[in-house]
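Visitor: I work at the bench and have this model open. Please pick one part and give it a close look, then show me how it ties in with its surroundings.

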Amino acid sequence: MPTIGVKRDLLFESLGTKYSDDDFQQLCFAFGLELDEVTTEKQMLTREQGKSDDASSIADASEEIIYRIDIPANRYDLLCLEGLVTSLLVFQGKIKPPKFELCEPKDGKRQILKILPETACVRPYAVAAVLRDIKFTQSSYDSFIDLQDKLHQNICRKRALVAIGTHDLDSVQGPFRYEARSPKDINFIPLNQNKTMNGEELMEFYNNHSQLKQYLPIIRDSPLYPVIYDANDIVLSLPPIINGNHSKISLNTENVFIEATATDLTKAKIVLDTIVCMFSTHCQKKFSVEPCDIIQPDGTIVTYPELAVRQEIISTNKTNKIIGIQETPENIANMLTRMYLEAEKMIDEDSIQVSIPPTRHDIIHNCDIYEDVAIAYGYNNIRKTLPSFMHIAKQYPLNKLTEQLREQVAQAGFTETLTFTLCSRDDVARKLNKMIDHIPAVHIANPKTLEFQVVRTTLLPGLLKTLAANRKMPLPMRLFEISDVVITDNETEVGARNERRLCAINCNKTAGFEVVHGLLDRVMQVLEVPWESSSNSVSKGYWLQAVDDETYFPGRCAYIMHKDVAIGKIGVLHPTVLQAFELTTPCSVLEFNIEPFV
């Protein structure tokens, strides 16, 4: 949950009312926010740096009161003072929700940003807009910069998805070009610098920069870097790293050109809508935005920002039932209007039409609208009631069986382990003598580390890594785990399914196949599943069926069969598998699905 810091006096001036700390905390709570802390810049620096550090910077810090307010992660419109003030004033009924409009430039010529095809390999999307006749003060300028930082850390995912660039439009000339070039061919003076650098020199220069170094890996290894030029070949920005110094904005900037390059077009639209809606309040014509034409690589022209207003229809009866209240359509419409969602009762007595403005991208489903009704009504005002019927709880059958089996396996002399659900591709494939393409694994889209690339499809790698980490322990080592694995399954709604398995391993000077076979027999005995010498048409028992598997020693592996279905495997591990996991002693393994016995 992001936290914003706003100066108390400036906030109260914008709200037109002075509050005590307690009164403002109650206002925040009623609106669904939380006043986290009342502090000062000096107190924050003292806490962060300590009294013994840079005493001069702490001494010069302001003692102006700052409110630190926790904002819901999906309320991008509340990440700056402008959005917070407007929302609170609408909530209090002091103003109506503003209506944002697209205004054409006076000369009728829109700014143009052309996307060249080669950008597809780095950051394929771009959107843009212009704020005309804007008047910055020091506080609004600081808020403008801070909102970009908050968006970069939040929805932009540290600029990996979207990178924002803001420029003084009067210092550059359109049409603009968004293209991708070799780092050596990009030359410009970065923001707040006085030396021209090319792409490679810039990467080296900012390699130790406290703030920008975290963004360098996004494009560093790319053969082409994204760059935006104006009509005179002046570099506006090198996204997602830094803007050019030539077009930097200042307190004297009157016209702002805003561009956002992205790998996710939807996120880019949200970011652009948020910035222009929040700061159009400082334009000479309030809540007006000048659109820009984006020429796509295929030649089509798309206009941004969209500033789309979406219409949704909700049922009064369903809203009352879900929240637990009894309100008229008129009252519910009024509550929604206070939450920045203009609403009105329709001819149908039960229906309410809700307008979703471009600032409320957090409204995805009708459930989000119901939540706003509950906030406006007041959670503390909802009457507490007992359920209208009895609920008798019981343990989930699969979990109950799991707990019972854990006890039995532990009593058989095995030690339980709990290993990571995520593992590397090598753990479930190469180290087990298998091909990753043949493994029905769920892959992580953007893994943070090589150790967590896929969701495990077998419990075996976790046990083998546990053995490897405890090689110095005396033999024999007998470990087990009863947990879920995840298997891809196109027949399920989400394309994958969980499967509860029992896996046990015996590590000793000899493989000890009889040990895991004995454990299998014991488990089946407590499950009251009889042993069958072979398959028959009415078999309800279990038996072993020889099979060849690359993970196991040739001739030392078998399927565990139950009702003519293979539910698992038992066998002696192949020496190459042991070597891959840095083990030197033989191991026998048992792994099977326990769900058929629930």
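Guide: A quick word on naming: helices and strands here are DSSP runs, with at least four residues for a helix and at least two for a strand, numbered from the N terminus. Also keep in mind that this is a predicted model.

Let's start from a loop and work inward. Pro 305 sits in the loop between strand 16 (301–304) and strand 17. The peptide bond leading into it from Tyr 304 is cis, with omega near 0°. That's worth a glance, since most peptide bonds are trans. Strand 17 itself covers 310–315, and it is among the elements that the buried residues of helix 11 pack against. So helix 11 is the part I'd zoom in on, given that nine of its 12 residues are buried and it is largely enclosed by the rest of the structure.

Helix 11 runs over residues 366–377. From its first C-alpha to its last it reaches 17 Å, close to the 16 Å expected at 1.5 Å a residue. If you want to colour the buried residues, pick Asn 366, Asp 368, Ile 369, Tyr 370, Asp 372, Val 373, Ala 374, Ile 375 and Ala 376. Besides strand 17, those buried residues pack against helix 2 (21–30), helix 5 (81–91), helix 9 (316–323), helix 10 (329–338) and strand 19 (351–356). Just past the end of helix 11, Gly 378 takes a positive phi of about 100°.

Now for the charges. Side chains of opposite charge can pair when their charged atoms come close. The whole model has 36 salt bridges. One of the pairs is Arg 497 with Asp 489, where the closest N and O atoms are 3.1 Å apart. Asp 489 counts as buried because its relative accessibility is 18%, under the 20% cut-off, whereas Arg 497 is partly exposed at 32%. Back at our helix, shared partners link salt bridges into one network of Arg 75, Asp 77, Arg 360, Asp 362 and Asp 372. Asp 372 is also on the list of buried residues of helix 11.

For a pair within a single helix, look at helix 6 (residues 138–153), where Asp 146 and Lys 150 are four residues apart, about one turn of the helix. An α-helix has 3.6 residues a turn, so residues three or four places apart point the same way. These two side chains do meet in a salt bridge, at 3.4 Å from N to O. Asp 146 is partly exposed, with 28% relative accessibility. Asp 426 and Arg 430 form another salt bridge, at 3.6 Å, and Asp 426 is partly exposed as well, at 34%.

Before you close the viewer, a few more backbone oddities to set beside the loop where we started. A cis peptide bond also joins Pro 239 and Pro 240, with omega about 0°. Pro 240 lies in the loop between strand 12 (235–238) and strand 13 (242–243). Then there's phi: most residues other than glycine have a negative one. Asn 192 has a positive phi of about 65°, in the loop between strand 9 (187–188) and strand 10 (197–198), and it is exposed at 55% relative accessible area. Glu 528, with a positive phi of about 60°, lies in the loop between helix 15 (513–526) and strand 25 (542–546). Glu 528 counts as exposed too, at 71%.

Conventions. Residues numbered from 1 in each chain as written. Predicted model: local features only at pLDDT ≥ 70, side-chain atom pairs only at ≥ 80, totals over all residues. Heavy atoms only, no water. Salt bridge = Lys/Arg side-chain N within 4 Å of Asp/Glu carboxyl O. Buried < 20%, exposed > 50% of the residue type's maximum accessible area, 1.4 Å probe, protein only. Expected span 1.5 Å × (residues − 1). Contact = heavy atoms within 4.5 Å.
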